[in-house]
Every structure is written in structure tokens, then in C-alpha cells.
Amino acid sequence: MKAVVIRKHGGPDVLSYEDVKNPTPKKDHVVLKVDYCAINHLDIWVRNGLPRKKVSFPHILGCDICGTLVDDSGSFKKNEKVVVYPAVESGVPRVSYSIIGAFGKYQGGYAEFVQVPQENIIRKPPWLTDEEACVLNISYLTAWNMLERSDCKKNDTMLIWGANSGVGSAAILLAKAKGIQVITVASDIKKINQAKKLGADNIIDRSKSDISSEVLKYTKNEGVDAVIDHVGAKTWPISLNVLKIGGKMLACGTTTGSEATINIREFYSKEAHIIGAYLGTKSQLVSLHKFMKLKRIKPLIDSTYKLKDARQAHEKMEQSNQFGKIILKI
Ligand SMILES: NC(=O)c1ccc[n+]([C@@H]2O[C@H](COP(=O)([O-])OP(=O)(O)OC[C@H]3O[C@@H](n4cnc5c(N)ncnc54)[C@H](OP(=O)(O)O)[C@@H]3O)[C@@H](O)[C@H]2O)c1
């Protein structure tokens, strides 16, 4: 089969389009013909490599998969369309789980076929196209998990970093559907206009404005009920600073680094909560599908690349040149 393989860690040039062996069916696993695989920032972490995180080479990236079943399996029939819940038990003490196509033992979806545990497949929601369904398993699921755990209700206020990112654009769409007042951050006029179209109430241009002062201005000096922070080291101090008393900071990412300096006194004196989010559960993925159907939400897709052009897709994400999800058509 055709696949995009990495044989070592490095830049986009380590992504190699080649012929590899098809997966051999294993007990309690299913093989899917991959139709679409979305790109996530996680793919860049895996491609680059992270300290103490192992990959056995050659490795196939890709954890956001929509595909077609090659054979009957349990109540699923051959040729049924499914999506893949990407988390599997890590087997490592105190580490919740590993992710298919990322660090861990499973090859991913930058390939014509992929093998995944039977228990990880979910029927593709029929109200979504294959392209739309493939983007929900990582960034949308994590955004949904953070929204649920924020306990934010209609008219509560939320700061969402990175309007154009997978996680940020997902969080904006889902938060607006819950009636939350959304303040978001973007870095140029094109992204600001797209964030407006997505429904954000206030957009801060991070290339020009002091973000803390802007958030305080929009919240009449009170601060926000919650912040969704996937950016990490550079934004944590601001995220904590703009929280109101008792506010919640939901953290899932470290795009700008994993070691932040925060003001601990500020944190405890405002009785803030810092909540970590690692994907979400399989039942949360199902509840996300239902919520999106109920609220008629379509995920935002930026662009679609052919599998052989995975390098260009990675480059686009690394330049933060997207608004919404980048996907591969297999
Ligand atoms: N914990 C989990 O389960 C989980 C799940 C999904 C994602 N994540 C993590 O969440 C992060 C986002 O993932 P993604 O796929 O959505 O990434 P992405 O689409 O590549 O987006 C990256 C975002 O970071 C923003 N950014 C970069 N530098 C910034 C800075 N100095 N200040 C403010 N914003 C900055 C970019 O905004 P500009 O365009 O304005 O630069 C862009 O919006 C990644 O670190 C990913 O690994 C974690």
C-alpha cells in the first residue's frame, strides 16, 4: 500500500511517500481503508520527536481517521464507514493512554490502510461527510472535553487562544453553540476576519494589542470565567492573569514550550483552577457527534491535500497558515 512514513525524527523532509506492507489483521483488531486523515499539531511533535517519547521506525503518522471497514467485525459490516477514537491504554504507570499514529505502538492513518483495535471504532455520523467526520477525533474532542469541564453556561465568558488553530476554531464553534461569550486571539487581519465569521464576539490582534488589558476591557475589569489555553509557556501567565476569581484555566497544549513561569500568589489568591485535558473519552466523542448534530455545527476545514503531499500540509501548519483543519485525502 502507499503510505507516508518517517524513518527518523526531523523536519517535513523526513516524510516519505512510499510503498509499504499492508497491515496484517490481528485478533480484536480491524483493518480500515483510510478515506481521510486530518493533520494535527501532534503529528509535528511526533515527526520532530520529544524527549522520553518513543516511536519505533518506520512509523506512519496520523491519528484523526475516517475510513471504510475491510471486513465484517462484530455488529459492524464490511464497507461501513467508521471513525477511530484515537486513545489506547498506554500500559505505562501514571500515563493515561497513548494515541494511535502518535507515540506508542500503533501505526496511523497517513496510509491506504490502518489497523486499529475493534473497540476504538465508532460508526461515522451520517450527517457529516467523510472529510468532516475525520477532523473530530483529536482537536474537536479535546475542545469539547475542555468546554464540558469548564462548566461554562450561556453568557459566561471565555478566552480562547489561537482562533485559527484546530483546537481554537473547534472551541469557538462549540462554545458559541453553548451561548458562551467568546473572546479570541488572532495574529493578522485575515485570521481576525475569519474569526468574526466563525462567531467570536471579540477578537484581539496579538500582533498589536496587550492581551490582558483587552480582555479586561471586554469583561468590564472582571476577567473571564474560563480560558482555553493550548499555546503553553508563552500564554500561561496571561491566561491566569485574565481569569476572574474562581475562574478555570483549561490547558491542553505546549506549542510555545512546556515550562511556564506563573505567579503562584495570583493563582491561589484568585482561587483559580488549572485543569489539564488529554483528548477526551470515547463516550465524549459520541456526545460531541450528538451535540454537533443537534446544533447543526459543521467543522471548519481549511484545506485538503493528497497523501503524497503530506509534506506541504505539514509546512502549512508549521507556518500557522491555516484557519481550521488541514486534511489528507487518501
Ligand atoms: N492534550 C491533548 O489531548 C491535545 C489535543 C489536541 C491538541 N493538543 C495540543 O494543542 C496545541 C494546538 O494544537 P492544534 O492542532 O490546534 O495546533 P495548530 O492548528 O498548529 O495551532 C497552533 C496555534 O498556536 C498559536 N500560537 C503559536 N504561537 C503563539 C503565541 N506566541 N501566542 C499566541 N498564540 C500562538 C497559533 O496562532 P497564530 O497563527 O496567531 O500564531 C495557532 O493558532 C498543540 O500543542 C497540540 O499538541 C493537545
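The buried residues of helix α1 pack against β1 (2-6), β3 (29-38), β4 (59-60), β8 (97-99) and α10 (310-318). The residues doing that packing are Leu42, Asp43, Ile44, Val46 and Arg47. The picture comes from a predicted model, so everything here is about computed geometry. Just after α1 comes glycine 49, with a positive phi near 90°. Further on, in the loop between α1 and β4, sits proline 58. A cis peptide bond links phenylalanine 57 to this proline 58, with omega at about -5°.

On the α10 side, methionine 317 is a handy residue to look at, being part of that helix. With a relative accessible area of 8%, methionine 317 falls under the 20% cut-off and is therefore buried. Setting aside neighbours within four places in sequence, methionine 317 is in contact with Ile39, Asn40, His41, Ile44, Gln322 and Ile326. One of these partners, Ile44, is also among the buried residues of α1. Methionine 158 is another matter: methionine 317 and methionine 158 are 159 residues apart in sequence, and their C-alpha atoms are 25 Å apart in space.

Zooming out, the domain assignment splits the protein into domain 1 (2-135 + 299-329) and domain 2 (139-276). Taken over C-alpha atoms, the two domain centres are separated by 28 Å. Where the domains touch, twelve residues of domain 1 are in contact with 15 residues of domain 2.

The ligand draws on both domains, with at least three shell residues coming from each of domain 1 and domain 2. In total 28 residues surround the ligand, and His41, Asn164, Lys191, Arg206 and Leu279 are the closest. By character, the shell breaks down into ten nonpolar, 15 polar and three charged residues. Helices α1 (41-48), α3 (136-150) and α4 (166-177) chip in with at least two shell residues each.

Polar contacts to ligand oxygen atoms come from side chains and backbone alike. A polar side-chain atom of asparagine 164 is 2.6 Å from an oxygen atom of the ligand. Tryptophan 45 places a side-chain N or O atom 2.7 Å from a ligand oxygen, while for valine 167 a backbone N or O atom does the job at 2.8 Å. As for how much of the ligand is covered, on its own the ligand exposes 930 Å², and the protein buries 90% of that.

Leucine 279, listed among the closest residues to the ligand, lies in the loop between β16 (273-276) and α9 (282-294). Its backbone has a positive phi of about 50°, even though leucine 279 is not a glycine. Leucine 279 has a relative accessible area of 5%, which means that it counts as buried under the 20% threshold. Leucine 279 also turns up as a partner of threonine 142, which contacts Cys252, Ala277 and Leu279 once neighbours within four places in sequence are left out. Threonine 142 belongs to helix α3, and its relative accessibility of 6% is why it counts as buried. Past that helix, in the loop between α3 and β11 (157-160), is aspartate 151. Aspartate 151 is not a glycine either, yet has a positive phi of about 60°.

Notes:
Residues are numbered from 1 along each chain as its sequence is written. This is a predicted model: local features need pLDDT of at least 70, side-chain atom pairs count only at pLDDT 80 or more; totals for chains, interfaces and linings use all residues. Side-chain values use heavy atoms; hydrogens and water are left out. A residue is near a molecule or strand if one of its heavy atoms lies within 4 Å of it. A polar contact is a pair of N or O atoms within 3.5 Å; within protein, one must be able to donate a hydrogen and the other to accept it, and residues adjacent in sequence count only if both atoms are side-chain atoms. Accessible areas come from the Shrake-Rupley method with a 1.4 Å probe; for residues, only the protein chains shown count as cover. Helices (H or I, at least four residues) and strands (E, at least two) are DSSP runs, numbered from the N terminus. Ala, Val, Leu, Ile, Met, Phe, Trp, Tyr, Cys and Pro count as nonpolar, Asp, Glu, Lys and Arg as charged, and the others, Gly among them, as polar. Domain bounds come from an automatic or database domain assignment. Buried means under 20% relative accessible area, exposed over 50%, partly exposed in between (1.4 Å probe, protein chains only). Contact means heavy atoms within 4.5 Å.
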